Amino acid sequence: MTTAILPAEGVLQNGVFYYPVRVYYEDTDAGGIVYYANYLKFAERARSEFLRALGVNQQKILAEQQAGFVVRSCHIEYLQSAVLDDALTVTCEVAEMGNASTIIKQQICRGDVVLAQIEVKLIFLSLSTHRPTRILPEIKEKFMAIDVGGD
């Protein structure tokens, strides 16, 4: 899927969420190449929009349930560099769904070229105890509706 046809808020299609990102000057280093940590920022934005596309209101959950998703671990493999003004697509796909965690696989692509692959484990954390807690059933249902793997 090309970035040119994506709406700004992204789109969920066949179990994969596609989110467009443009590389700005502020995203690059002195050589005009995207600074390595900014790939993680692009991925975070895509995951937030993915949740929004699923109908998950993170602010409401934080306020009412005192809980939310946090990154437990992250593995990123950089394959090629993005540069100033590149039109990128960041994908999100749920690889596994547990009771208190989920694994999201992401790719950052320029056209058909994969620039980075990311695997993020998210846990659903109680803000009062700072411990993992069960993902709310209504959230889990939304994830499972896109046909994801379970544990």
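Is R110 buried, partly exposed or exposed? At 25% relative accessibility, R110 is partly exposed. The legends below describe close-up views of a predicted model.

**View 1. A salt bridge joins D86 and R110.**
The side chains of these two residues come together with N and O 2.7 Å apart. D86 sits in the loop between β3 and β4, while R110 belongs to strand β5 (residues 101-110), so the salt bridge ties together parts that are 24 residues apart in sequence. D86 is buried, with a relative accessible area of 11%. R110, as said above, counts as partly exposed.

**View 2. R22 and D85 form a salt bridge.**
The closest N and O atoms of this pair are 3.9 Å apart. That distance still counts because a salt bridge is defined by a side-chain nitrogen of Lys or Arg within 4 Å of a carboxyl oxygen of Asp or Glu. R22 is in strand β2 (residues 16-22) and D85 is in the loop between β3 (67-78) and β4 (87-97), so the contact ties together parts 63 residues apart in sequence. The relative accessible area of R22 is 37%, which makes R22 partly exposed. For D85 the value is 51%, and D85 is exposed.

**View 3. E49 and R52 meet in a salt bridge within helix α1.**
The N to O distance between the two side chains is 2.7 Å. E49 and R52 are 3 residues apart in the helix, and about one helical turn separates them. Which of the two is buried, and which is exposed? E49 is buried, with 17% relative accessible area, whereas R52 is exposed, with 56%. In total, the structure holds 5 salt bridges.

**View 4. Q80 lies in the loop between β3 and β4.**
With 42% relative accessibility, Q80 is partly exposed. Leaving out residues up to four places away in sequence, Q80 touches Y39, R110, V113 and L115. Q80 and L115 are 35 residues apart in sequence, yet their C-alpha atoms are 4.6 Å apart in space.

**View 5. Y39 and F42 form an aromatic pair in helix α1.**
The structure holds 8 aromatic pairs. In the pair of Y39 and F42, the ring centres are 6.4 Å apart and the planes make an angle of 65 degrees, an edge-to-face arrangement. The two residues are 3 places apart in the helix, about one helical turn. Both Y39 and F42 are buried.

**View 6. F50 and F143 form an edge-to-face pair.**
The centres of the two rings are 6.3 Å apart. Their planes stand at 70 degrees, and planes over 60 degrees apart count as edge-to-face, so this pair has that label. F50 is in helix α1 and F143 is in helix α3 (residues 137-144), so that the pair links distant parts of the chain, 93 residues apart. F50 is buried, with a relative accessible area of 2%. F143 is buried too, at 1%. Which residues make up the aromatic cluster that includes F50 and F143? The members are F17, Y19, F50, F69, F124 and F143.

**View 7. Y35, Y36, L40 and Y78 form a nonpolar patch on the surface.**
Together, these four residues have about 400 Å² of accessible area. L40 is located in helix α1 (residues 36-53). This leucine is partly exposed, with a relative accessible area of 33%.

**View 8. N57 and Q66 are found at the two ends of helix α2.**
At the start of the helix (residues 58-65), a side-chain oxygen of N57 comes to within 3.2 Å of the backbone nitrogen of Q59. Just after the helix, Q66 has a positive phi of about 55 degrees.

**View 9. S126 makes a polar contact with T129.**
The side chains of S126 and T129 are joined by this contact of 3.2 Å. S126 is in strand β6 (residues 113-126). At 12% relative accessibility, S126 is buried. Which residues does S126 contact, apart from its neighbours within four places in sequence? They are Q66, A67, R131 and T133. Q66 is also the residue with the positive phi in View 8.

Definitions and conventions:
Residues are numbered from 1 along each chain as its sequence is written. This is a predicted model: local features need pLDDT of at least 70, side-chain atom pairs count only at pLDDT 80 or more; totals for chains, interfaces and linings use all residues. Side-chain values use heavy atoms; hydrogens and water are left out. Patches are made of residues with over 30% relative accessible area and no salt bridge: like charges are joined within 9 Å, nonpolar side chains (Val, Leu, Ile, Met, Phe, Trp, Tyr) within 5 Å. Accessible areas come from the Shrake-Rupley method with a 1.4 Å probe; for residues, only the protein chains shown count as cover. Helices (H or I, at least four residues) and strands (E, at least two) are DSSP runs, numbered from the N terminus. Buried means under 20% relative accessible area, exposed over 50%, partly exposed in between (1.4 Å probe, protein chains only). Contact means heavy atoms within 4.5 Å. Rings of Phe, Tyr and Trp (its six-membered ring) pair if their centres lie within 6.5 Å; planes under 30 degrees apart count as stacked, over 60 as edge-to-face and the rest as tilted. A polar contact is a pair of N or O atoms within 3.5 Å; within protein, one must be able to donate a hydrogen and the other to accept it, and residues adjacent in sequence count only if both atoms are side-chain atoms.
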